[in-house]
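Me: Please take one part of this model and go through it closely, with its surroundings and then its place in the whole chain. I would like the numbers kept in the text, and one connected account rather than a list.

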Amino acid sequence: MLESLIKGISLSANASLKIFETISIPRILENDFVFLQLVNTFKALKFIKPHPSILNYLTEMTLSRDDRVRVLGTWGLWRFLNSTRDIRSTEILEGILSKIPSLLESDDETVVEVTLELIKEIATRYQDSGEIIKRSFAWIKAMKEIEKSGSWLIRSELKRTINYLIEVIREYYRMRINESFRVLEDLIQEERYEDAMTLAGIIGNEDIIKWVSQKIKENKREKEKGIEGLLRLVSGPKYLNIHPDLTEKTIYIPRLSYLTIRKKTVENDGNADSKFELNKMKKDLSNLMTKLRSSDRAEIIDALWELYELSNEINSQNVEEFKLFVPELLRIFSSTNNEWVVDKTAKILAKILSILPNSQENINDIAKFLFLEDKHRMRALIFFKYYLKNKWDKNAWELILKYLPRLLTKKKTAIWTLGIIEIIIDTIPSDETERLWELTTILKDLNSKVPEIVERRIKILIEEINKKLKDPRNIRINVKSE
């Protein structure tokens, strides 16, 4: 019967409803193969004579508690919309659009993947609609958040969809420059500076980027007079005891790697044979420290940008010069809630501490975040992901292993923790691989106690560990060590 729908033969309303009633039973959709086959069916639906009762039932499906039923219902509405010129078309479209954010947030990655396909179809059909373009920009933001904690299974699909939407948005606003200025000005007036900078970067027009940068500066001067800069939340050597009543002021920054409308504090003489002349740079590094301690948010952001760029050049010969930045970076790392700042600060700290001798005390301080609530645990996980990628550290590995059961039982921390495990499997020295036996035991014990998406990935990681342990080189080394 479903095949007849695909071929465009009009079924009676009652026959169609019987099919939808059967499909919308959640237990039928639990099997991935069956679900994906039904997705393909719904993507090909043709309603020659759309009936109100079908519309009503598809709408009911989109209200289901089961994500797979909801995404099928949403696809059904989309095909219904493409088959009718009903006066309610605008209402149907709005109903579809309203379901997308929650479907993107689904714990079921297959549902997310199916939703991404629908998003691309909507963006393609309505690429000349300003409203859909605005929605596409919001979807990109949501997808980038999912990308941070999503598994490797979905990240590539997210990236492809993001790139596709970026091209659609860029093409739309390049053909409508006046409209782009109006949208950007609205974002700036709403103090959504990061969104304005991101959109300007997508459009890619140099004059627009410069205009947005200048308008943000003007708007900040007008609206932020008398507002204190980034609060110094702590003093002395301890960075983790933050008073709960203190409210952080958000730091707004561009995400555009090529946006360089700022003055460099550290000058490079361009000599490829001499990356650093430390004596010459001491004064410049001192200026960087001054900017890092500034109450001007733009100065702090500039300092973090420059330190991040310089971090690639840190080595055992010059690391002592950068050691001076560690207390200030720990202060910012422990006090900010801005994700960009946390990420960049973690990367800089990870590079310095992975090279700096006797850095265990600082690493232990960062590890204390693992005692706290999830949003603070994430700081430690982000740091250790970069740190362990730079350097194999037995003590750091023991810390992660100690908290593994706690970290893997919640989806958000679990995804990052599994990312760290992936790095360890890839980078662990051959003479340390016997440690993976303990990891395998813990993962197997946790397998039935974690969210389904985490359980699937744990199985994959166990397979990867087994391959590593069966590697002839590792077997020889482990036998010798015994």
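Reply: Contact, as used below, means heavy atoms within 4.5 Å. The model is predicted, and every value that follows is computed from it. The part chosen is the stretch from helix H9 to the residue just after helix H11, taken in sequence order.

The approach to H9 comes first. Helix H8 spans 130-149, and Ser151 sits in the loop that joins H8 to H9. Is Ser151 buried or exposed? Its relative accessible area is 2%, and the cut-off for buried is under 20%, so Ser151 is buried. Leaving out residues up to four places away in sequence, Ser151 touches Glu109, Ile415 and Arg457. The separation from Trp416 is 265 residues along the sequence, yet the C-alpha atoms of Ser151 and Trp416 are 8.8 Å apart in space.

H9 itself runs over residues 152-174. Val168 belongs to this helix, and its relative accessibility of 11% makes it count as buried. Setting aside neighbours within four places in sequence, the contacts of Val168 are with Ala123, Gln127 and Ile133. Another residue to look at on that side is Thr124, whose C-alpha atom is 7.8 Å from that of Val168, with their positions 44 residues apart along the chain.

Next is the packing of H9 against H10. Two packed helices are described by the distance between their axes and the angle between them. H10 covers residues 177-189, and its axis comes within 6 Å of the H9 axis, crossing it at roughly 110 degrees. That angle makes H9 roughly perpendicular to H10, since the range for that term is 65 to 115 degrees. Which residues make the contact? On the H9 side they are Tyr172, Tyr173 and Arg174, and on the H10 side they are Ile177, Glu179, Ser180 and Val183. By class, this contact of H9 with H10 has four nonpolar residues, two charged and one polar.

Past H10, the chain enters the loop that leads to H11, and Glu191 lies in that loop. Most residues other than glycine have a negative phi. Glu191 has a positive one, near 65 degrees, and is not a glycine. With a relative accessible area of 30%, Glu191 is partly exposed.

H11 consists of residues 193-203, with Thr198 among them. How many of the residues of H11 are buried? The count is 11 of 11, so H11 is mostly covered. The buried set includes charged side chains as well as nonpolar ones: Glu194 and Asp195 are in it, along with Tyr193, Ala196, Met197, Leu199, Ile202 and Ile203, among others. Thr198 is buried too, at 12% relative accessibility. A polar atom of the Thr198 side chain lies 2.8 Å from the backbone oxygen of Glu194. Just after the helix, Gly204 takes a positive phi of about 80 degrees.

Two loops elsewhere can be set beside this stretch. Asn358, in the loop between helix H17 (339-355) and helix H18 (360-367), also has a positive phi without being a glycine, at about 55 degrees. Asn358 is exposed, with a relative accessible area of 81%. Asn312 is placed in the loop from helix H14 (297-310) to helix H15 (319-323), and it is exposed at 61% relative accessible area. Its C-alpha atom is 9.0 Å from that of Ile348, which is 36 residues away in sequence.

As for the whole chain, it has 24 helices and zero strands. Of its 482 residues, 50% are buried. Among contacts with a separation of 6 or more, 70% join residues 24 or more positions apart. In soluble globular proteins, nonpolar side chains tend to be buried together. Here the largest nonpolar core holds 74 residues, and those touching the most other members are Phe325, Leu329, Phe383, Phe384, Tyr387, Leu408 and Leu439. Phe325, leaving out residues up to four places away in sequence, touches Leu285, Leu288, Met289, Leu292 and Leu307. Apart from that core lies another, of 67 residues, including Trp75, Ile96, Val112 and Ile132.

Technical notes. Residues are numbered from 1 along each chain as its sequence is written. Side-chain values use heavy atoms; hydrogens and water are left out. Axes are lines fitted to C-alpha atoms, for helices over the stretch in contact, and angles run from 0 to 180 degrees between N-to-C directions. Helices (H or I, at least four residues) and strands (E, at least two) are DSSP runs, numbered from the N terminus. Angles under 35 degrees count as roughly parallel, over 145 as roughly antiparallel, 65 to 115 as roughly perpendicular and the rest as oblique. A nonpolar core is a set of buried Ala, Val, Leu, Ile, Met, Phe, Trp, Tyr and Cys residues joined through side-chain atoms within 4.5 Å. Buried means under 20% relative accessible area, exposed over 50%, partly exposed in between (1.4 Å probe, protein chains only). A polar contact is a pair of N or O atoms within 3.5 Å; within protein, one must be able to donate a hydrogen and the other to accept it, and residues adjacent in sequence count only if both atoms are side-chain atoms.
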